[in-house]
Amino acid sequence: FSSVVYGLSEPGYGGDSTRYLDVAKNILFNKCVSTTDPLSGICTPHWGGNQFPGYPLLIALAGWLAGLNISDGMTEFAPAIIIMQSIFMAAVVYRMGRAVTFFSGNFLIGCSAALAIGYSPLHFAWSRWILTELTSTAITLWLLAELLICLKKNRLEILPVAIPLIAGFFVRYDSITLCAAVAAA
């Protein structure tokens, strides 16, 4: 809740925010992955900007759920995106709390971990930005939670580990380095 309030108080745009929104609008309204102007309806195929289209897909989902239109700009999309990112992060923080509880066998340790992660200034500041960083951080934490569960079970669960790995790669290319953590585990 606090990250939504913080994010909505002063949404941040920068870097590739506009490009992500263009790709998201093309996904949502033109049914294509393209960096061309969505209003033109011309869908020159493109992989999604400087990353794969995972983050624009999240923006498109937020826009769809909020009932936004193709003519709406960043100002109209930003609240939906900030809320969607924050809900995703909150779900991951909950998952991490459950994973730490399972791993440690102690509910208070799990709650403490969830609170520490949920209010960490390392990612809290990103909740206001229309950039990949918060989503990428959430996916990395999600993978860590799944690895903790695997370590406790003493076996690698392929699907629960593969899903955040794939999602991470589609949001940011550099998430491929998470394979090292899986290999180590």
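These are my notes on helix H2 and on two residues with positive phi in a predicted model.

Entry 1, the length of H2. I looked up helix H2, which runs over residues 17-30, and asked whether its end-to-end distance fits its residue count. At 1.5 Å a residue, its 14 residues should span 20 Å, and I find the end C-alpha atoms 19 Å apart, which agrees.

Entry 2, the buried side of H2. I then listed the buried residues of H2, and these are Ser-17, Tyr-20, Leu-21, Val-23, Ala-24, Lys-25, Asn-26, Ile-27 and Leu-28. Which helices do the buried residues of H2 pack against? I find that they pack against helix H3, residues 54-66, and against helix H4, residues 74-104.

Entry 3, the residue after H2. Following H2 I came to Lys-31, whose phi is positive, near 55 degrees, and I note that Lys-31 has this positive value although it is not a glycine. I place Lys-31 in the loop between H2 and H3. Is Lys-31 buried or exposed? Its relative accessibility is 66%, and because the cut-off for exposed is over 50%, I enter Lys-31 as exposed.

Entry 4, a residue in another loop. I also looked up Asn-154, which is not a glycine and yet has a positive phi of about 65 degrees. I find Asn-154 in the loop between helix H7, residues 133-153, and helix H8, residues 158-171. With a relative accessible area of 71%, Asn-154 is entered as exposed.

Conventions. Residues numbered from 1 in each chain as written. Predicted model: local features only at pLDDT ≥ 70, side-chain atom pairs only at ≥ 80, totals over all residues. Heavy atoms only, no water. Expected span 1.5 Å × (residues − 1). Buried < 20%, exposed > 50% of the residue type's maximum accessible area, 1.4 Å probe, protein only. Contact = heavy atoms within 4.5 Å.
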